[in-house]
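Here is a set of short exercises to work through with the model open beside you. Try each task before reading the solution below it.

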Amino acid sequence: MSHLQQSLSASSVAETLATYDEWAGAYDADVQSQGYIAPELASEYVARYLSSSGASMADARILDAGCGTGLVGQHLARRGARHIDGVDLSPRMLDVARRHAGVYEALTAADLGQRLDVASGSYDVLTCVGTLTQGHVGPDALDELRRVVKVGGLMVMTVRDSVWRRNGYEDKVKNFIAEGKARLMTDDFEVRRVAKDVDLVYVTLQVL
């Protein structure tokens with residue numbers, strides 16, 4: 001079974017952690033071989049909506065939640081981001097992310113299924129790419145991710161299309177919108193092909 005299959009079939013946090021710690025050294029090469037473009041697309045969404053609001057990528061405080069080896073952070077940095085923090089479950093994935101000098105200001109091991117050691121409204125932007133899927137973090141984690149973004153701030157997240165409806169992510173996001181906690185920044189939820197046989201729903205929200 002591949003590391004990806006192991007991660008999607010994980011039934012506990014401990015199992016997910018073990019899989020990603022083991023995968024860390026080969027992760028970037030593995031996803032590159034599949035033509036994985038999700039991090040690059042997420043950085044495009046961030047740049048587009050910061051620009052449309054008149055905000056500066058260079059000044060924005062960004063939290064890359066589930067940052068892994070730092071692929072999203074690298075793309076954000078290439079677009080001018082200077083203040084990026086990252087959190088991830090796997091210490092070994094974070095070790096790889098630390099090799100990208102100057103991308104992250106801080107990298108911290110954290111379980112996104114638990115309360116983060118971050119003050120409410122700390123960030124202008126939150127990204128969460130490749131983490132909201134089967135065997136990873138469920139839809140309830142979105143409350144905590146929203147908490148750490150300031151009012152008026154941006155959340156750019158991906159959800160694996162195969163679990164978007166089935167696992168409750170769509171209902172959770174639509175409840176945010178209906179309850180006035182966030183508004184959708186796109187005309188609809190956008191499904192993008194990001195690798196061979198992998199479709200992700202891109203969710204771009206402004207926190208209200």
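**Exercise 1. Find the residue that follows helix H8 and give the sign of its phi. Then work out how the buried residues of H8 are arranged around the helix axis.**

Solution. Keep in mind that this is a predicted model.

Step 1: Go to the end of H8. Gly 180 follows the helix, and its phi is positive, near 75°.

Step 2: List the buried positions. H8 covers residues 169-178, and its buried residues are Tyr 169, Glu 170, Lys 172, Val 173 and Phe 176.

Step 3: Look down the axis. The buried residues of H8 fall within an arc of 165°, so they line one face of the helix.

Step 4: Ask what this face packs against. The partners of the buried residues include four strands by name, S4 (123-132), S5 (149-160), S6 (182-184) and S8 (198-207). Helices H6 (141-147) and H7 (161-164) are partners too.

**Exercise 2. Do the same for helix H4: which of its residues are buried, and what phi does Gly 80 take just after the helix?**

Solution. Step 1: H4 runs over residues 71-78, where Leu 71, Val 72, Gly 73, Gln 74 and Leu 76 are buried.

Step 2: Just past H4, Gly 80 has a positive phi of about 110°.

**Exercise 3. Consider the phi of Asp 197, and decide whether this residue is buried or exposed.**

Solution. Step 1: Recall the background. Most residues other than glycine have a negative phi.

Step 2: Check the angle. Asp 197 is not a glycine, yet its phi is positive, near 60°.

Step 3: Place the residue. Asp 197 sits in the loop between strand S7 (190-195) and S8.

Step 4: Apply the cut-off, where exposed means over 50% relative accessible area. Asp 197 has 62%, so it is exposed.

**Exercise 4. Trace the surroundings of Tyr 104 and Asp 85, and say which residues each one touches.**

Solution. Step 1: Locate Tyr 104. It belongs to the loop between helix H5 (91-97) and strand S3 (106-109).

Step 2: Test for burial, for which the limit is under 20%. Tyr 104 has a relative accessible area of 12% and is therefore buried.

Step 3: Collect its contacts, setting aside residues up to four places away in sequence. Tyr 104 touches Asp 64, Cys 67, Gly 70, Val 72, Gly 73, Ile 84, Asp 85, Gly 86 and Ala 97.

Step 4: Compare sequence and space. His 83 and Tyr 104 are 21 residues apart in sequence, and their C-alpha atoms are 7.0 Å apart.

Step 5: Move on to Asp 85, in strand S2 (residues 83-88). Its relative accessibility of 10% makes Asp 85 buried. Beyond the four-place neighbourhood, the residues Asp 85 touches include Arg 61, Ile 62, Leu 63, Asp 64, Tyr 104 and Tyr 123.

**Exercise 5. Two loop residues, Met 57 and Ala 119: where does each lie, and is each one buried or exposed?**

Solution. Step 1: Met 57 is in the loop between helix H3 (38-52) and strand S1 (61-65). With a relative accessible area of 11%, Met 57 is buried.

Step 2: Outside the four-place window, Met 57 is in contact with residues including Val 46, Ala 47, Leu 50, Ile 62 and Leu 76. Its C-alpha is separated by 9.9 Å from that of Asp 124, 67 residues away along the chain.

Step 3: Ala 119 lies in the loop between S3 and S4. At 51% relative accessibility, Ala 119 is exposed.

Step 4: Apart from neighbours up to four places away, Ala 119 touches Arg 147 and Val 148. Ala 119 and Arg 147 are 28 residues apart in sequence, with 8.4 Å between their C-alpha atoms.

**Exercise 6. Step back to the whole protein: how does its radius of gyration agree with that of a compact globule?**

Solution. Step 1: Take the expected value. For 208 residues, a compact globule would have a radius of gyration near 17 Å; the protein has 16 Å, which agrees.

Step 2: Add the overall picture. The protein has eight helices and eight strands, and its C-alpha trace spans about 45 × 40 × 30 Å along the principal axes.

Step 3: Look at burial and contacts. Buried residues make up 50% of the 208 residues. Of the contacts with a separation of 6 or more, 67% are between residues 24 or more positions apart.

Step 4: Finish at the surface and the charges. About 9600 Å² is exposed, with 45% of it supplied by carbon and sulfur atoms. There are 22 positive and 28 negative side chains, and the centres of the two sets lie 3 Å apart.

Conventions: Residues are numbered from 1 along each chain as its sequence is written. This is a predicted model: local features need pLDDT of at least 70, side-chain atom pairs count only at pLDDT 80 or more; totals for chains, interfaces and linings use all residues. Side-chain values use heavy atoms; hydrogens and water are left out. Buried means under 20% relative accessible area, exposed over 50%, partly exposed in between (1.4 Å probe, protein chains only). The arc is that of the directions from the helix axis to the C-beta atoms. Contact means heavy atoms within 4.5 Å. The radius of gyration is taken over C-alpha atoms; the globule rule is 2.2 Å times the number of residues to the power 0.38. Accessible areas come from the Shrake-Rupley method with a 1.4 Å probe; for residues, only the protein chains shown count as cover. Lys and Arg count as positive and Asp and Glu as negative; His and the chain ends are not counted. The place of a charge is taken as NZ of Lys, CZ of Arg, CG of Asp or CD of Glu.
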